[in-house]
Amino acid sequence: MPRTPHSAPHLRVMSVLGLLAALLLPLGMTFAPGALAAPTADPVRVMPLGDSITGSPGCWRAVLWNRLVNSGYRDIDFVGTLPPQGCGQAHDGDNEGHGGELVTNVADQNLLPGRLASTRPDIVVTHFGTNDVWSSIAPDRILAAYTKLVTQMRASNPDMRVLVARLIPMNPSSCAGCAQRVVDFNARIPGWARATGTDRSPVTVVDQWTGFSTAADTYDGVHPNASGDDKIAARWFPALSAVLDAGVPQDPGDPGDPGEDPAACTARFRAVSSWQGGYQGEVTVTNASASAVRGWTATVVPANGARLTQLWNGSLSTAADGTATVRNAAWNGTLAPGASATFGFVATAPATAGTPAATVTCTGTAPAA
């Protein structure tokens, strides 16, 4: 059921009901307590997700919040396990911007599911990866972390709307290579988003890089100053307001919601053998739910520029950035609780790729009730 992001229609309903009461009361008609109260929709819950640029203090959130409210978006709730940190203007400051965090660590340590369970967002607004880029972590690995986090978001809410930023520029005096590494990473984000978004859970890229100056819009080459906060909020606003105007489904996961119900699923990668320029790998998919699944989909993000070229015991589709999506074959999709299925593949890899590695995730499809 779509929520109404603007409060204006609600106010008009209340005005009409108030006029009706004024007309009828002189005629001796009375109303039971609450009889004229219009139903109130739950607010749309928006999680700002990221590192210190989002949360320490992340004053672009205050600018964005007030712009939304002043534009008529009243039924919204910024959510997160962290409280506000000032910013000098009233706003809903709850957020998930953890200073110093790497998105790869959040994915590797499975930190996001608990945060999602505590806050239950409908929309996630994420600017995440600056610390990873600073740490010279390869774009493949960062994007694999993005994929895992989106998978976890959809496990929390199958209708999750995800807004992902092309990172603001970075040019600190202590990191000569950071500026170019941000450019290189940002170039990969649109392709990743196209491969990751679905009709039910779209992923929207918001360009925070273009027009942002580290000299004019940051105080240290990394973190935004007041003009930087204004620019970041101005870029988020049209993308977020478009999602709010379109409406987000209410009560995700209720019986009768469209689409398929997800089921808990785990995936494990193993390198079987390797050679110069490639390797053979396999992935084991396990039903981690308490009931049978009738199908599964695995995502494989090979590290260090490798690409899957052959696959057996499943069907393969590969995105432009090398992310592979594997769906079960006709004979191995149904898994009892705790049961597993394994598919194998051959990957090509650069001669300098090193030890074979891949990030793998999966989702299962529960049988219809």
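Helix 7 passes helix 8 in a right-handed crossing, meaning that the near helix is turned clockwise from the far one by less than a right angle. The model is a predicted one, in which local features need pLDDT of at least 70 and side-chain atom pairs count only at pLDDT 80 or more, while totals for chains, interfaces and linings use all residues. Residues are numbered from 1 along each chain as its sequence is written, and side-chain values use heavy atoms, with hydrogens and water left out.

Helix 7 (residues 139-156) and helix 8 (residues 178-196) pack at an angle of about 35 degrees, their axes lying 11 Å apart; such axes are lines fitted to C-alpha atoms over the stretch in contact, and angles run from 0 to 180 degrees between N-to-C directions. Helices (H or I, at least four residues) and strands (E, at least two) are DSSP runs, numbered from the N terminus. Among the residues in contact (heavy atoms within 4.5 Å) are Y146 of helix 7 and W192 of helix 8.

Y146 also belongs to the largest nonpolar core, which has 60 residues; a core joins buried Ala, Val, Leu, Ile, Met, Phe, Trp, Tyr and Cys residues through side-chain atoms within 4.5 Å, buried being under 20% relative accessible area with a 1.4 Å probe, protein chains only. Helix 10 (residues 226-246) gives this core its largest share, eight residues.

Elsewhere, an open sheet of four strands follows the order 8-9-14-11 with antiparallel pairing, where two strands pair if DSSP finds at least two bridges between them. Strand 9 (residues 278-287) is joined to strand 14 (residues 340-348) by nine bridges, and F343 in strand 14 is the bridge partner of V283.

Key:
Buried < 20%, exposed > 50% of the residue type's maximum accessible area, 1.4 Å probe, protein only.
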